[in-house]
Structures are given as C-alpha cells and as structure tokens.
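Morning, everyone. Please have the sequence and the model up on your screens. I'll keep this short.

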Amino acid sequence: MEDGRFAAGSSRALRLDPFSLPVRFEAADDAADGRRRVVDLHRERVVVRRSLRGMRMALNLPVAAFRGVAIRLTGAVCGPPTSIAVMLEHSDPALSLPLFSSNTSDDIVAEWQSWGRVLGLPLLVVEPDGCMREPFARLGAVRIEAPTWRRRRRSAIARRRPSLVLRRRAGVASATPTLHRGEREIIARN
C-alpha cells in the first residue's frame, strides 16, 4: 500500500499477512465520510479510525470482542457468489473487517486457519441465510476430535525399545490399604 491506498500492479486483491502484525490498512465503510476507514490490526487490539459527518473517531476494541474468523461468500444479492472472503466478524456487522479476499478457493482455507490461530479466535462459516456456525466441535478453546491411535514405529531403533510401554493398563488398588499407626514421623528440621 502507498499513502493508505492499494498500490497499482497485478496484486490488487486484498491479502493481509497474519504473521506480520501489526498492520494498517484501509477498508470500505458505507457510513463513513469518503466511504473509507483506516484499521490498525494488532494481535490483541483493533483500532478503527473513521470520520462520520465531519467528526473523527477512533474505536479501540480488543480482539476478544470479535466473534471469530469467518469464511463468507460475496457477490451480487440475486446472483451466484463471485469471490470468497475471510472476515474478522463482530456482532455489529459495521465493525466486521475483511482480512483476505480471492476469486479462487486455492488458499482460502489456509488463510482462514492462519488468521484463527494467530488471533486466537474460533473459526466460523457463514451460511447462505447469514447465520454463523462453527464447523468443528470445541470445548472452551480446545477443538474436540476423535482420538488417534498410537502408531508403533517400524525402524531400527524400534527393535531396541521395549514394547511394554505401549501396553499400559490402569493400576489396581489393594483391598486392604497399608496403615502406619503409632510410629514416629521422621522429618528433617534445622
């Protein structure tokens, strides 16, 4: 970008790098003067600067105030989608921010997962009716998946290692616990 505008050239599509934060970029804003807003995106904060009816304002929001990183199909209202966008979604649609936009679906999933990992937000998919859902089950901040089986190594070093470690069982408590009564306790003191 040059002077807050996209530079001329072949790479005019919106693409921000999630691994080079903080970044400043311009985004479209229909309500703002000049229909543009300037966004400062950090790992912990988002600062949105815009002018509304001559009054300049800056909104300083924590990243945790956003709902998540979503994939959204964009295009004409009645027609088929023309592009795919990765958006930083807020509960107020006016504060949602574009992070990546492309006409092809080549890199969209990689960008979506990278932004979710860097910002620490859940991954969302926007349905055609406009509601958002999470494609993966989560428990708090941890994704829930089916457990994977432990693979045995088939190499030269595998023959030297005992395989008993792979067959662990739960321990069994004895029926009569050992009790020590009437004995003096040995404690190291000064």
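I'll take the sheet to begin with, then the salt bridges. One caution before that: this is a predicted model.

So, the sheet. In what order do the four strands of the open sheet run? They go β1-β2-β3-β4, and the pairing is antiparallel. As a reminder, strands of a sheet pair through backbone hydrogen bonds, either parallel or antiparallel. Look at the edges. Those are β1, residues 23-28, and β4, residues 55-62. Each of these edge strands pairs on one side only. Ignoring direction, neighbouring strands of this sheet are turned by 20° against each other on average.

Now go inside the sheet. Strand β2 covers residues 36-41, and strand β3 covers residues 45-52. How many bridges join β2 and β3? Four, in the antiparallel sense. Here is a bridge partner to find on screen: D40 is matched with V47 in β3.

Next, salt bridges. The count comes to seven. I'll walk through three pairs.

Pair one is R36 with E26. Their closest N and O atoms are 3.2 Å apart. Where do the two residues sit? R36 is in strand β2 and E26 is in strand β1. They are 10 residues apart, and the pair links distant parts of the chain. R36 is partly exposed, at 34% relative accessibility.

Pair two is R72 with E89. Here the closest N and O atoms are 2.9 Å apart. R72 lies in strand β5, residues 68-75, and E89 lies in strand β6, residues 81-89. The two residues are 17 apart in sequence, so this salt bridge ties together those parts of the chain. Is E89 buried or exposed? Buried: its relative accessible area is 3%, and buried means under 20%. R72 is partly exposed, at 25%.

Pair three is E127 with R133. The closest N and O atoms are 2.4 Å apart. What about accessibility for this pair? E127 is partly exposed at 24%. R133 is partly exposed too, at 40%.

One more item on salt bridges. Which residues are joined into one network by shared partners? R24, D40 and R49. You have met D40 already: that is the residue bridged to V47 in β3.

To recap. The open sheet has four strands with antiparallel pairing. There are seven salt bridges, among them R72 with E89. And E89 is buried. Over to you for questions.

Notes
Residues numbered from 1 in each chain as written. Predicted model: local features only at pLDDT ≥ 70, side-chain atom pairs only at ≥ 80, totals over all residues. Heavy atoms only, no water. Pairing = 2+ DSSP bridges. Axes fitted to C-alpha atoms, helices over the stretch in contact; angles between N-to-C directions. Salt bridge = Lys/Arg side-chain N within 4 Å of Asp/Glu carboxyl O. Buried < 20%, exposed > 50% of the residue type's maximum accessible area, 1.4 Å probe, protein only.
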